[in-house]
Amino acid sequence: MFDESRILRVTFHPDYTYAQFVGSLRPYTDVITGKSGYRYTPGPFVDAYVQAMQLEDPVVLLIEEINRANPAAVFGDVFQLLDREDSGESTYPIRASEELTNYLSWQPGITPILEGERATLSLPKNLFLWATMNSADQGVFPMDTAFKRRWDFEYLGINDNEEALNDLKVPLGETGRQIMWNDLRHAINDLLRKAKVNEDKLIGPYFMRRSDIEHSERFNKAFKNKVLMYLYEDAARMRRDQVFADGSVITYSQLCENYDRLGDGAFKDLGVTVVDDGTATTAPDTMEA
């Protein structure tokens, strides 16, 4: 939908502020004269706004990890612009600061609409704001209902696009047995569901990088450091006895050793079908003493 030149990206983080997102006065030094002063430095929101006002083509501001900052604080009065008519233009304009008004007045192709001595801002219909977020991430900021309802949400399912990885086979520890990646992932997710783990904690097809899944010599190390660590310290932390064999007393190092030695047997009642030299067999349900 968008030419690469009309895609602006920004990633929110816990220290991200309104001044960074919209813009603010900042000190600068002229590299030629050496004189110092202050000037208005636009943030990604104003950059996207200016580009959209100068063009008729669609422009998108893509906000990655929107809930890793406090969105209400970062958006500030821009929040009011998120109410948009069917045409795409903002329902309620806001007044720009004096500094932003002066900045806009110097931009080619833009004639600010003034209210007194300050410009009024309204999102043009060709400016799109898209954002991504993962509700399962820990330590993120909650979004209030008033902020959330001004966005159109699209849920990406846990198994979306998994068919692209259907042909990838992975080793099970150092057992010499193999299993299809999606089969292993589904079996672990079924175990988590039985343990009453929330859906947003389940493992998606791209939880691990494709390159790690494709190369068997790298898979086991990546699986232990990413999947097993995630299950042990996060998703199954309070339900280890329901997910891992001997989970109530197991340590992480023991879990890794069990996985190397037993593969799927390190899990509790995983019950997956593995492949050994092209012959399908049923894996052991539990770890033997």
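I take the axes as lines fitted to C-alpha atoms, for helices over the stretch in contact, with angles running from 0 to 180 degrees between N-to-C directions. The model I am reading is a predicted one.

**Entry 1, a helix pair.** I looked up H8 and H10 and found that they pack at an angle of about 135°, with their axes 11 Å apart. H8 and H10 are therefore oblique to each other, and I noted that their crossing is right-handed.

**Entry 2, the contact.** I then asked which residues of H8 meet H10. On the H8 side I listed Phe219, Asn220, Phe223, Lys224, Asn225, Leu228, Met229 and Tyr232, and these meet Tyr252, Leu255, Cys256, Tyr259 and Asp260 in H10. Sorted by class, the contact of H8 with H10 comprises nine nonpolar, two polar and two charged residues.

**Entry 3, the largest nonpolar core.** I found 40 residues in this core, of which Trp181, Leu184, Ile188, Phe223, Leu231 and Phe267 touch the most other members. Helix H6 (181–194), helix H8 (216–235) and helix H10 (252–262) each supply at least two residues of the core, and H8 gives the most, with nine residues.

**Entry 4, Trp181.** Leaving aside residues up to four places away in sequence, I recorded that Trp181 touches Leu165, Leu168, Lys169, Val170, Gly204, Pro205, Met208, Ile213, Phe219 and Phe223. Of these partners, Phe219 and Phe223 also appear on the H8 side of the contact with H10.

**Entry 5, a further core.** Apart from the largest core I noted another, of 37 residues, with Leu82, Ala96, Ile110 and Met143 among them.

Methods
Residues are numbered from 1 along each chain as its sequence is written. This is a predicted model: local features need pLDDT of at least 70, side-chain atom pairs count only at pLDDT 80 or more; totals for chains, interfaces and linings use all residues. Side-chain values use heavy atoms; hydrogens and water are left out. A nonpolar core is a set of buried Ala, Val, Leu, Ile, Met, Phe, Trp, Tyr and Cys residues joined through side-chain atoms within 4.5 Å. Buried means under 20% relative accessible area, exposed over 50%, partly exposed in between (1.4 Å probe, protein chains only). Helices (H or I, at least four residues) and strands (E, at least two) are DSSP runs, numbered from the N terminus. Contact means heavy atoms within 4.5 Å. Angles under 35 degrees count as roughly parallel, over 145 as roughly antiparallel, 65 to 115 as roughly perpendicular and the rest as oblique. A crossing is left-handed if the near helix is turned anticlockwise from the far one by less than a right angle, and right-handed if clockwise. Ala, Val, Leu, Ile, Met, Phe, Trp, Tyr, Cys and Pro count as nonpolar, Asp, Glu, Lys and Arg as charged, and the others, Gly among them, as polar.
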